[in-house]
Amino acid sequence: MKKDKVVEIEEAVVRFAGDSGDGMQLTGSLFSDSTAFAGNDFATFPDFPSEIRAPQGTVSGVSGFQIHFGHKSIYTTGDLADVLVAMNPASLIANLKWVKNDAILIVNSDEFTDKNLEKAGYLTNPLDDETLSGHLVVQVPLNTLTYEAVKELDLDNKSVMKSKNMFALGIIFYLFNRDYTKTYSFFENKFKKNPLVVEANKKVLQAGYNFAETLEVIKNTFRIEKAELEKGRYRNVTGNQATAWGLMAAAERSGRNLFLGSYPITPATDILQELAKHKQFTCITQQAEDEIAGIVSTIGASYAGSMAVTTTSGPGLSLKSEAIGLAVMTELPMVIVDVQRGGPSTGLPTKSEQSDLMQALYGRNGDAPVIVIAATSATDAFYSAYEAAKLAMEHMTPVILLTDGSIGNGSEVFKIIKTADLPPINPPIAKANDPEYKPYKRNPQTLARQWAIPGTPGLRHRLGGLEKEDITGNVSHDPLNHEKMMQLRQEKVDKVADFIPELKIDGNEGADLLVVGWGSTYGVLMTTVEEMQNEGKSVSMVQFKHIMPLPKNVREVFSKFKKIVVCENNMGQFVNYLRMQLPEFRYEQYNKVQGLPFMVSELKQKFESLLNE
Amino acid sequence: MEQKVEPKAITLSKEDFGSDQMVKWCPGCGDHAILRSVENVFPKVGEQLGYSKEDFVVVSGIGCSSRFPYYMNTYGIHGIHGRPAPLAMGIKLANPKLSVWLISGDGDSMAIGGNHFIHIARRNPDINYLMFNNKIYGLTKGQYSPTTPKGQKTKTSPQGSFEMPFNPGELVIGARGKFFARALDSNPKLMQEVFLAAALHHGASIVEILQNCVIFNNKIHALITNKETKDDNQIVLEAGKPMLFGKEKEKGLKLEGTKLKVVTLGKDGVTLDDILVHDPTTDDAGIHMMLASMAPPEFPAAFGVIRSVESETLEDAVWNSVEHEKATSPIKNMDDLMNSGNTWEIE
């Protein structure tokens, strides 16, 4: 039955959930690509376990991918889903709490066997009782229909079952009026060497689409107008990819070769993998034997004149602490990217958290100040990485760039820019045979010393972790010199405040409540605050991207508000930093440490209760 | 593509490398002699390989030996404990045209830096790695190191060390290293020959220097260095020459079955033809491993270049790949990259 009725909607949240081996991440990313083609704005949230293949059919093995897309600007990955694809009972039981009361549930009924129900923890079959009442349940015998779709092809069982996610994708494509043939080129590329698999995936995808068309239970389909995005060319990026690209853009603009020394660690590894692909930009990547070798080789490359980078996550940052101190002492530029994950220890490797802030600021022996900045979204990771590299090189200091799992793995629409339009990067490289050159002589504006690169005539000098004498850089144990150098290192970082943008208030000055966030919480805080503003509530917000040093106008901004609430995905690290830096203000705090992003609903509740106090 | 430096006519002298900084090692420390040997070798290295004085970089970790960069007038960087290998590797990968020298000790290289040590041997960047082995922690004043003999009393092993020591040469060869040599702080001529050979070898050249700590482990190498015993306890290996030693070069090494044996020429019918001829260039590590393992009193300790096998260096492999990608990739810059793949236009 052909359905004529197309309902226009503003936005939607779709969640794909299945076993770790069901290919949900791929399904989600293919749907994201199609969403991009449809011209919608979107943000995605992959939610997967740290095991590659946990026991099949169990809740611990469920892998999910959520996409929030719409006609207006999308800042969050969505609180609750409008549509859930559940490939087995475990993925249904694990995700039912993340869907709206009247959601469309597309379930693979073939997997609802007694054995699988038991594995998932269902005592009775939820398809037969009242568990799912209120929802529109679409039962699809996905395994059977997938077999049916490819029965003419000479394909083994395993390959057939591997393509069943495409049947589910076909259904969702139908539901949102997407052109499924656009996905064919992906199959053609990915399975180049196996035309049979290409054919199978095409057939299954098409079968899913056609099947949905015939379903009576689906009364209408949905359409979302193209997003009102600025004119221009767009693409889809993940935060980790954007980070890698921002770094490469900085290398190109600064004229330095990029060097990355890194050790694989979830969720940061994608950056290493992305940079490793681009040797044509003289991007040298070294997969080190451990985290320490990763950063130490980075220090070596920086000394030798490269734009040097190391990438890691929390546990790796701990291991790099001593070496960051060496970079502080030698005043060599480098970017240290920390894609934060749930901690402490191994913690929640595949979940997101903002709990490395104090480690980034202070986690070293001695007073060892570095610049700390935090990306606010997947697309912003591009600009933050670029800025981190620019600040590192122009101010001759390590910079810690904090992103997190939600930024790194999340994807967003990215407006393609021209590299030439990015701000120039001018590292203070010492000139050959400069008679005035002294290793620790400083630029009065930035207090940066010069970068004298080995191989350059007339600039031979020694660096190291022992305290340096002011100006000459010779080893010095002089007490007053030590104190002076401590102050200079701090002052150099403090002076960066002259080179970063001021804090911008979203909303009215003097509103009853100022919402404060930093880093990746930008989208959800922004969405919440905008909604509340539209409801007439007196709420404004600021989002911090520059943590060390803070923007110059923080005090001025804070003094305009009576009530300040600091929201973050940790136990209160930024709020305590603010209490230390600006003790004259009183701060409320709201913390969520579940390895999950904030939801608009819970933030709203908190802010409303603060407004009503 | 070879990344070797373009030959340029370079004249250098020892004075080009002497530092104005006060050398603060203990009087009588073996490090002084090593420093002088390095100063003497650098001009030859520069002249033979085309490095100017600004192309030398001296890198170190932590320990007495690691103060070395401060005492040379070159580019230099004194790193953190145990990590000179990745530091040197970062420099060499970033700029393969530099002559990179790594100075480290047995604590720095064998204990805290053991991991990096085996990986640099395996990866084979063209770096000259001088490891001073005095079998003790000197800078922290006398604790046992991973090369301290089992049973030796030190401040942290008052009953005698309970641990089996490492033999650095075995580690290098076990990690599939391509160059290993041994030198002695009391033999400057040998040191200079070995350092030059290390520099000329294109790859990771790891040199163990038996070095005496006069304060905390004096005479640890006495069995090898004593006037009375040294001729019988040292063998200096030379490529293509029979492995002979002893005061009158009357002793030699012979392969008996799968093992080395010390024999005396003219005794039990042994002739020069029975003596092994040294071939450091064979990739087969068998004999090299046996030579590196030899120790008195059963065997003489081996000196000179024990193993020197040509193999592609890390930086050559990496930079060849860069050149290849540059020549073949359709994506030439970031604008190309951003516009590649799936993109769409909003009007």
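In this predicted model, helix 11 of chain A covers residues 291-303, and its 13 residues should span 18 Å at 1.5 Å a residue; the C-alpha atoms at its ends lie 19 Å apart, which agrees with that expectation. The helix is mostly covered, as 13 of its 13 residues are buried. Just after helix 11 of chain A comes G305(A), whose phi is positive, at about 105°.

**Chain A as a whole**

Helix 11 belongs to a chain that holds 20 helices and 22 strands. For 613 residues, a compact globule would have a radius of gyration near 25 Å, and the 26 Å of chain A agrees with this. Taken along the principal axes, the C-alpha atoms of chain A fill a box of roughly 85 × 60 × 45 Å. Of the 613 residues of chain A, 54% count as buried. Among the contacts in chain A with a separation of 6 or more, 78% are made by residues 24 or more positions apart.

**The contact between the chains**

How many residues does each chain bring to the contact? Chain A brings 56 residues and chain B brings 48 residues. Several elements of chain A each supply at least two residues to the side that touches chain B, among them helix 1 (24-37), helix 9 (239-254), helix 12 (314-330) and strand 17 (462-464). Which element of chain A gives the most to this side? Helix 11 does, with nine residues. By character, the residues on the side of chain A that touches chain B comprise 25 nonpolar, 19 polar and twelve charged.

**Strand pairing**

Strands also link the two chains: strand 17 of chain A runs parallel to strand 2 of chain B (residues 75-78), and three bridges join them. Within this pairing, G464(A) has H78(B) in strand 2 of chain B as its bridge partner.

Chain B also contains an open sheet of three strands in the order 8-9-10, with antiparallel pairing. Strand 8 (244-245) and strand 10 (259-264) of chain B stand at the edges; each has a single partner strand, so one side of each is left without a neighbour in the sheet. Strand 8 and strand 9 (residues 251-256) of chain B are paired over two bridges in the antiparallel sense. F245(B) has K251(B) in strand 9 of chain B as its bridge partner.

The two strand pairs are set out below.

| Strand pair | Direction | Bridges |
|---|---|---|
| Strand 17 of chain A and strand 2 of chain B | parallel | three bridges |
| Strand 8 of chain B and strand 9 of chain B | antiparallel | two bridges |

Methods: Residues numbered from 1 in each chain as written. Chains lettered and ligands numbered in written order. Predicted model: local features only at pLDDT ≥ 70, side-chain atom pairs only at ≥ 80, totals over all residues. Helix = DSSP H or I, 4+ residues; strand = E, 2+ residues; numbered from the N terminus. Expected span 1.5 Å × (residues − 1). Buried ≥ 20, exposed ≤ 12 C-beta atoms within 10 Å, placed from the backbone. Contact = placed C-beta atoms within 7 Å. Nonpolar A, V, L, I, M, F, W, Y, C, P; charged D, E, K, R; others polar. Pairing = 2+ DSSP bridges. Rg over C-alpha atoms; globule rule 2.2 N^0.38 Å.
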